[in-house]
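User: Could you walk me through this chain, strand by strand where possible? I'd like short reasoning with each reply.

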Amino acid sequence: MSKIQHDRTHHAKMATGIGDPQCFRGKAGTPKFKEGDRVRIKDLPDIFYTRTMVYTRGAVGTVAKLVYESPAAEDEAWDNTDKPEWFYSVVFKQKELWPEYSDLYANDTLETEFPERYLESA
């Protein structure tokens with residue numbers, strides 16, 4: 001059931017004395033991936049808001065670390081904070097994201113975060 005009104009103080013209330021996003025620690029369950037896993041970024045539809053960059057969709061990267069548990073931005077935008085999930089920091093070779101990227105910098109990487117729903121094993 002949806003909430004009647006967006007509570008802008010939700011995180012502040014939960015994080016009091018704990019810190020945010022640590023207030024969701026232990027609420028996402030067992031992580032699906034671990035450091036070193038190769039993952040592909042899913043091209044999921046987004047209706048209103050997402051933090052998953054378009055240029056990463058379909059790309060394959062490596063999980064660098066598990067960073068925290070939190071509701072995905074897509075859920076928070078609609079005040080759905082009841083299902084936190086794991087966020088992962090994933091590393092990509094920039095040449096694989098942008099094929100026209102100069103070969104002079106073939107070892108350059110980009111690291112960014114994704115909620116678990118956007119990742120699948122590669």
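User: Happy to start with the strand pairing: how many bridges join β1 to strand β5?

Analyst: Good place to begin, and please keep in mind that this is a predicted model. Strand β5 covers residues 119-121 and runs antiparallel to β1. One of the pairs is known by name, as Leu-119 in β5 is the bridge partner of Ile-41. The number of bridges joining β1 to β5 is three.

User: Which residue in β2 stands opposite Arg-38?

Analyst: β1 spans 38-41 and β2 spans 60-70. These two strands pair in the antiparallel sense, over three bridges. Opposite Arg-38 in β2 stands Thr-62.

User: Which side chains of β1 point to one face and are buried?

Analyst: The side chains alternate along β1. Arg-38 and Arg-40 point to one face and are not buried. Pointing to the other face, and buried, are Val-39 and Ile-41.

User: Now the loop after β1: is Arg-57 buried or exposed?

Analyst: Arg-57 sits in the loop between β1 and β2. Its relative accessible area is 16%, and the cut-off for buried is under 20%. Therefore Arg-57 counts as buried.

User: Which residue's backbone oxygen does the side chain of Arg-57 reach?

Analyst: Leaving aside neighbours within four places in sequence, the contacts of Arg-57 include Ile-41, Asp-43, Thr-50 and Tyr-118. Leu-44 is also among them. At 2.8 Å, the side chain of Arg-57 reaches the backbone oxygen of Leu-44.

User: What about Trp-78, is it buried or exposed?

Analyst: Trp-78 lies in the loop between α2 (73-76) and β3 (85-93). Its relative accessible area is 54%, and exposed means over 50%. So Trp-78 is exposed.

User: What accessible area does the nonpolar patch on the surface have together?

Analyst: Trp-78 belongs to this patch. The other members are Ile-47, Phe-48 and Tyr-49. Together the four residues have an accessible area of about 560 Å².

User: Stepping back, what pattern does the chain follow along the sequence?

Analyst: The chain has three helices and five strands. Read along the sequence, they follow the pattern α-β-β-α-β-α-β-β.

User: And what share of contacts between residues at least 6 apart joins residues at least 24 apart?

Analyst: For context, 35% of the 122 residues count as buried. The accessible surface of the chain comes to about 7,900 Å², with 52% of that belonging to carbon and sulfur atoms. Among contacts between residues at least 6 apart in sequence, the share joining residues at least 24 apart is 63%.

Technical notes
Residues are numbered from 1 along each chain as its sequence is written. This is a predicted model: local features need pLDDT of at least 70, side-chain atom pairs count only at pLDDT 80 or more; totals for chains, interfaces and linings use all residues. Side-chain values use heavy atoms; hydrogens and water are left out. Helices (H or I, at least four residues) and strands (E, at least two) are DSSP runs, numbered from the N terminus. Buried means under 20% relative accessible area, exposed over 50%, partly exposed in between (1.4 Å probe, protein chains only). A polar contact is a pair of N or O atoms within 3.5 Å; within protein, one must be able to donate a hydrogen and the other to accept it, and residues adjacent in sequence count only if both atoms are side-chain atoms. Contact means heavy atoms within 4.5 Å. Accessible areas come from the Shrake-Rupley method with a 1.4 Å probe; for residues, only the protein chains shown count as cover. Two strands pair if DSSP finds at least two bridges between them. Patches are made of residues with over 30% relative accessible area and no salt bridge: like charges are joined within 9 Å, nonpolar side chains (Val, Leu, Ile, Met, Phe, Trp, Tyr) within 5 Å. A salt bridge is a side-chain nitrogen of Lys or Arg within 4 Å of a carboxyl oxygen of Asp or Glu.
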